[in-house]
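Here are some short exercises, each with a worked solution. Have a go at each task before you read on.

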Amino acid sequence: MTYQQFPEQPQYSAPPANLPIPQPPHWSPPNSAPPTLPYGVIPVVPIAAKSAGAAVALELVLGIFGIFGVGNLYARQIGLGIALMVSYWVFFWINIFLIGIVIGLVTLPLTWVIYMVVGPLTAARGVTRHNMGMLR
């Protein structure tokens, strides 16, 4: 039986010992003072981007059950989200009482449709503003 001879592998040498080790540009030695910013400069803290589709879906899906404002809460428009939640139920009960004089039969579904349009639109706008850094 014969064995096949493989060609000799190339030999690599170690790099010279006197080469400096490259460091990233923001590197600072350990135990050094943190960098200071000039007076009046506010550091920028990155914010996580939010999805407009998720905000609209929250408004539409929960809006079917009369829970409006959750998409706006997701978009970090807390005041508007709570205002939508509370005002819908205030108008809902006003419309329930107006059913006694028949006008509530028109205004109740009309109120729901208006909230189903306004809620998702304001949520999508809020996500856009949040992603642009206009809301914190």
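**Exercise 1. In which helix is the place of Ile82?** Then classify its exposure and find the nonpolar surface patch it belongs to.

Solution. A word on the model comes before the steps. This is a predicted model, in which local features need pLDDT of at least 70 and side-chain atom pairs count only at pLDDT 80 or more, while totals for chains, interfaces and linings use all residues. Residues are numbered from 1 along each chain as its sequence is written, and side-chain values use heavy atoms, with hydrogens and water left out.

- Step 1: Ile82 sits in helix α3; helices here are DSSP runs of H or I with at least four residues, strands are runs of E with at least two, and both are numbered from the N terminus.
- Step 2: Ile82 is partly exposed because its relative accessibility is 44%. The classes are buried under 20% relative accessible area, exposed over 50%, and partly exposed in between, with a 1.4 Å probe and protein chains only.
- Step 3: Ile82 joins Ile78, Val86, Val90, Phe91 and Ile94 in a nonpolar surface patch of about 520 Å². Such a patch takes residues with over 30% relative accessible area and no salt bridge, joining nonpolar side chains (Val, Leu, Ile, Met, Phe, Trp, Tyr) within 5 Å. A salt bridge is a side-chain nitrogen of Lys or Arg within 4 Å of a carboxyl oxygen of Asp or Glu.

**Exercise 2. How many helices and strands does the protein have?** Add the order of the elements and the share of buried residues.

Solution.

- Step 1: There are four helices and zero strands.
- Step 2: Starting at the N terminus, the order reads α-α-α-α.
- Step 3: Of the 136 residues, 20% are buried.

**Exercise 3. Which residues make up the largest nonpolar core?** Trace the elements behind it.

Solution.

- Step 1: The six residues are Phe68, Leu84, Tyr88, Phe92, Tyr115 and Met116. A nonpolar core is a set of buried Ala, Val, Leu, Ile, Met, Phe, Trp, Tyr and Cys residues joined through side-chain atoms within 4.5 Å.
- Step 2: Two or more residues come from each of α3 (78–98) and α4 (104–131), and α3 gives the largest share, three residues.
- Step 3: Beyond residues up to four places away in sequence, Met116 touches Glu59, Leu60, Gly63, Ile64 and Phe68; contact means heavy atoms within 4.5 Å.

**Exercise 4. Is Gly119 buried or exposed?** Then look at what surrounds α4.

Solution.

- Step 1: Gly119 lies in helix α4 and is buried, because its relative accessibility is 1%.
- Step 2: Outside its neighbours within four places in sequence, Gly119 contacts Glu59, Asn72 and Leu84.
- Step 3: Its C-alpha atom is 8.0 Å from that of Leu60, 59 residues apart along the chain.
- Step 4: The cover over the buried residues of α4 includes α1 (52–63), α2 (70–74) and α3.

**Exercise 5. Which residue with a positive phi is in the loop between α3 and α4?** Compare Arg76 as well.

Solution.

- Step 1: Most residues other than glycine have a negative phi.
- Step 2: Val102, in the loop between α3 and α4, has a positive phi of about 70 degrees and is exposed, with a relative accessible area of 53%.
- Step 3: Arg76, in the loop between α2 and α3, has a positive phi of about 65 degrees and is partly exposed at 39% relative accessibility.

Methods: Patch = residues over 30% accessible without salt bridge, like charges linked within 9 Å, V, L, I, M, F, W, Y side chains within 5 Å. Areas by Shrake-Rupley, 256 points an atom, 1.4 Å probe, with all protein chains shown as cover.
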